[in-house]
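Let us take a friendly walk through this protein, one feature at a time. Keep the picture in view and look for each residue as it comes up.

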Amino acid sequence: QVKLVESGGGLVQPGGSLKLSCVASGRFFAINFMAWYRQSPGKQRELVAKITSDYTTAYDDSVKGRFTISADQAKNSVYLQMDSLKPEDTAVYYCNLEGIHSSDSWINDYWGVGTQVTVSS
């Protein structure tokens with residue numbers, strides 16, 4: 001069974017920094033991309049940042065220049081460095097992976113359970 005486990009969330013003051021980590025268990029035959037999403041109360045889940053297997057990155061406009069996504073494919077891990085945090089960044093952050101796990105026969109979407117990030121003074 002595939003598990004994605006996020007860590008690194010917490011409470012931080014505006015202007016502060018946090019680094020989120022996510023590790024996926026098991027062995028993958030292929031990983032197309034890994035990504036971070038977030039969801040705040042009353043809003044839809046939105047894509048924050050994405051990194052493909054060739055390390056191409058993409059960001060939502062609201063976090064460009066402040067957040068940096070990186071990955072270590074050998075460790076099935078993805079990271080999100082968040083700097084200059086704002087109150088509007090407050091949300092539950094979810095790790096996402098699209099790929100083929102050794103226990104599956106097709107491409108699947110895998111999700112973590114989320115980690116809370118709260119930006120407040």
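## A sulfur link across the chain

Cys22 and Cys95 are joined by a disulfide, with 2.1 Å from S to S. Please keep in mind as you read that this is a predicted model. To find the two ends of the link, look for Cys22 in strand β3 (residues 18-24) and Cys95 in strand β9; the pair is 73 residues apart and links distant parts of the chain. Are these cysteines buried or exposed? Both Cys22 and Cys95 are buried. The link also has a handedness: the angle about the S-S bond is -80 degrees, which makes the link of Cys22 and Cys95 left-handed. A search of the whole structure finds 1 disulfide, and you have just met it.

## Charged partners

Next come the charged side chains. Side chains of opposite charge can pair when their charged atoms come close. How many salt bridges does a search of the whole structure find? The search finds 4. Here are some of them, with the N to O distance for each.

| Salt bridge | N to O distance |
|---|---|
| Arg38 and Glu46 | 2.7 Å |
| Asp89 and Arg38 | 3.0 Å |
| Lys64 and Asp61 | 3.0 Å |

Arg38 is a good place to begin, as it pairs with Glu46 and also with Asp89. What does the pair of Asp89 and Arg38 tie together? Asp89 lies in the loop between β8 (77-82) and β9, while Arg38 is in strand β4, so their salt bridge ties together parts that are 51 residues apart in sequence.

Now look at how much of each partner is accessible. Arg38 counts as buried because its relative accessibility is 6%, and buried means under 20%. Asp89 is buried as well, at 1% relative accessibility. Glu46, at 33%, counts as partly exposed. Which residues are joined into one network by salt bridges that share partners? They are Arg38, Glu46, Arg66 and Asp89.

Asp61, which pairs with Lys64, has a relative accessible area of 61%. Asp61 is exposed because the cut-off for that word is over 50%.

## An open pocket

Arg38 and Glu46 turn up again at the largest pocket, which holds about 180 Å³ of space. Of the 13 residues that line this pocket, the closest to its centre are Arg38, Ser40, Lys43, Glu46 and Glu88. What kinds of residue make up the lining of the largest pocket? By class, 7 are charged, 5 are polar and 1 is nonpolar.

Ser40 deserves a closer look. You can find Ser40 in the loop between β4 and β5. Its relative accessible area is 19%, so Ser40 counts as buried, given that the limit is under 20%. Leaving aside neighbours within four places in sequence, Ser40 is in contact with Thr90 and Ala91.

## A closed cavity

A search of the whole structure finds 1 cavity of 30 Å³ or more. The space in the largest cavity is about 50 Å³. Its lining is made up of Ile31, Phe33, Met34, Ile51, Thr52, Ser53, Tyr55, Ala71 and Gln73. By class, this lining has 6 nonpolar and 3 polar residues, and no charged ones.

Which strands each supply at least two residues of this lining? They are β4 (28-39) and β5 (46-52). With 3 residues, β4 gives the most to the lining of the largest cavity.

## A serine in a loop

The last stop is Ser102, found in the loop between β9 (91-101) and β10 (108-111). Which residues does Ser102 touch, not counting those up to four places away in sequence? Ser102 touches Arg27, Phe28 and Phe29. Gly26 can be compared with Ser102 in two ways: the two residues are 76 residues apart in sequence, and 7.6 Å apart in space from C-alpha to C-alpha. With a relative accessible area of 33%, Ser102 is partly exposed.

Note on methods. Residues numbered from 1 in each chain as written. Predicted model: local features only at pLDDT ≥ 70, side-chain atom pairs only at ≥ 80, totals over all residues. Heavy atoms only, no water. Helix = DSSP H or I, 4+ residues; strand = E, 2+ residues; numbered from the N terminus. Buried < 20%, exposed > 50% of the residue type's maximum accessible area, 1.4 Å probe, protein only. Contact = heavy atoms within 4.5 Å. 1 Å grid on protein atoms, 1.4 Å probe; cavity = no way out; pocket = protein on both sides within 12 Å on 5 of 7 lines; lining within 4 Å. Points joined across faces, edges and corners; volume = space filled by probe spheres on them. Nonpolar A, V, L, I, M, F, W, Y, C, P; charged D, E, K, R; others polar. Salt bridge = Lys/Arg side-chain N within 4 Å of Asp/Glu carboxyl O. Disulfide = S-S within 2.5 Å.
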